[in-house]
Each structure stands twice: as structure tokens, then as C-alpha cells.
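I'm opening a fresh notebook page for a structure I haven't looked at before. The plan is to start wide and then zoom in on a few spots.

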Amino acid sequence: QVQLVESGGGLVQAGGSLKLSCATSGSIFSINAMGWYRQAPGKQRELVARITRGGSTNYADSVKGRFTISRDNAKNTVYLGMNSLKPEDTKVYYCNAQTPRFEYWGQGTQVTVSS
């Protein structure tokens with residue numbers, strides 16, 4: 001049974017910072033990449049940031065220069081540092097893990113940014 005658990009979300013004022021964590025448990029054969037996605041009510045889930053096992057990263061244009069993704073491969077854990085938060089960053093953030101055969105999702109953690 002594979003489980004991804006996000007934590008670190010909460011309520012912050014515009015311009016503030018948060019750091020999200022995604023911890024994995026259970027048997028995962030091989031994780032090729034982990035990433036963060038986010039979703040607003042009634043909207044499509046979108047990529048925020050992604051990091052491969054080798055450390056290559058991709059970011060959505062909307063978060064470049066503000067968010068930083070990092071990982072601990074030994075622990076299969078991924079982090080998302082978020083700075084200069086904006087009200088439009090208010091969404092549910094989901095952790096994702098990709099293997100050669102399967103894709104796994106966490107339950108999501110709410111990030112709310114007030115003006």
C-alpha cells in the first residue's frame with residue numbers, strides 16, 4: 001500500500017512564505033520523478049513544479065523565482081518552498097510520484113493567501 005502525505009499548508013498573508021512537505025510510505029519500486037500540482041475549485045489540476053531523480057527541475061511560469069522544489073531521494077520525500085505568496089496561489093496543493101508503471105497522488109494540503 002503506497003501513501004503520499006502532504007503537510008505544511010495553512011493561512012498566510014500576501015508576501016509571506018510556506019514550506020510544504022510530501023512524505024511517502026509503503027512499497028514503491030522506483031520513483032523517477034516527484035512533483036507538486038495545485039487545483040482551485042472547478043478548475044483543472046495544474047503542474048507547479050517537478051523534480052527528477054537526478055535533480056532536474058521544471059516550474060510553472062507563474063511560480064518561477066518564487067517557489068523552490070527539492071527532494072531527499074533516500075527518504076522519497078519532496079519539498080516545496082514558497083516565497084512571496086500571492087492571493088492567486090490560494091489552492092489545494094497535491095504531491096505526485098511517478099514510477100515506470102504507476103502514478104501516485106497525495107490527498108492535498110490547503111494553501112490560503114490573504115490580501
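Below are my entries, from the whole chain down to single residues.

**Entry 1: what kind of model**

I note up front that this is a predicted model.

**Entry 2: the whole chain**

I started by asking how many helices and strands the protein chain has. I got 0 helices and 11 strands. Reading along the sequence, I just wrote β-β-β-β-β-β-β-β-β-β-β. I then looked up the radius of gyration, which is 14 Å; the globule rule gives 13 Å for 115 residues, so the chain is as compact as a globular protein of that length. The C-alpha trace spans about 45 × 25 × 25 Å along its principal axes.

**Entry 3: inside and outside**

Next I checked burial, and 39% of the 115 residues count as buried. The chain exposes about 6,300 Å², and carbon and sulfur atoms supply 46% of that. I also looked at how far apart contacting residues sit in the sequence. Taking contacts between residues at least 6 apart, I found that 52% join residues at least 24 apart.

**Entry 4: one of the sheets**

I picked an open sheet of 4 strands and wrote down its order, 1-3-8-7, with antiparallel pairing. Which strands stand at the edges? They are strand 1 (3–7) and strand 7 (67–72); each has a single partner strand, so one side of each is left without a neighbour in the sheet. On average, neighbouring strands here are turned by 15° against each other, direction ignored.

A reminder to myself: strands of a sheet pair through backbone hydrogen bonds, either parallel or antiparallel. Zooming in on one pair, I saw that strand 1 and strand 3 (residues 18–25) run antiparallel and are joined by 5 bridges. In that pairing, Ser7 has Ser21 in strand 3 as its bridge partner.

**Entry 5: Thr77**

Staying with this sheet, I went to strand 8 (residues 77–82), where Thr77 lies. Is Thr77 buried or exposed? Its relative accessible area is 10%, and buried means under 20%, so Thr77 is buried. I listed what Thr77 touches beyond four places in sequence: Cys22, Ala23, Met34, Ser70, Arg71 and Asp72. Closer along the chain, a polar atom of the Thr77 side chain lies 3.1 Å from the backbone oxygen of Lys75.

**Entry 6: Ser84**

I moved on to the loop between strand 8 and strand 9 (91–98), which holds Ser84. Phi of Ser84 caught my eye: it is near 50°, a positive value in a residue other than glycine. I flagged this because most residues other than glycine have a negative phi. As for its surroundings, Ser84 is partly exposed, with a relative accessible area of 40%.

**Entry 7: Thr109**

My last stop was strand 11 (residues 109–114), where I found Thr109. Thr109 is buried, with a relative accessible area of 10%. What does Thr109 contact, leaving aside neighbours within four places in sequence? I noted Glu6, Ser7, Gly8, Gly9, Leu20, Lys91, Val92 and Tyr93. With Tyr93, I also checked the spacing: 16 residues apart in sequence, yet 5.3 Å apart in space, C-alpha to C-alpha. With Gly9, I found the backbone nitrogen 3.3 Å from a polar atom of the Thr109 side chain. Ser7 rang a bell too, as I had already met it as the bridge partner of Ser21.

Key. Residues numbered from 1 in each chain as written. Predicted model: local features only at pLDDT ≥ 70, side-chain atom pairs only at ≥ 80, totals over all residues. Heavy atoms only, no water. Helix = DSSP H or I, 4+ residues; strand = E, 2+ residues; numbered from the N terminus. Buried < 20%, exposed > 50% of the residue type's maximum accessible area, 1.4 Å probe, protein only. Polar contact = N/O pair within 3.5 Å; in protein donor to acceptor, adjacent residues only side chain to side chain. Contact = heavy atoms within 4.5 Å. Pairing = 2+ DSSP bridges. Axes fitted to C-alpha atoms, helices over the stretch in contact; angles between N-to-C directions. Rg over C-alpha atoms; globule rule 2.2 N^0.38 Å. Areas by Shrake-Rupley, 256 points an atom, 1.4 Å probe, with all protein chains shown as cover.
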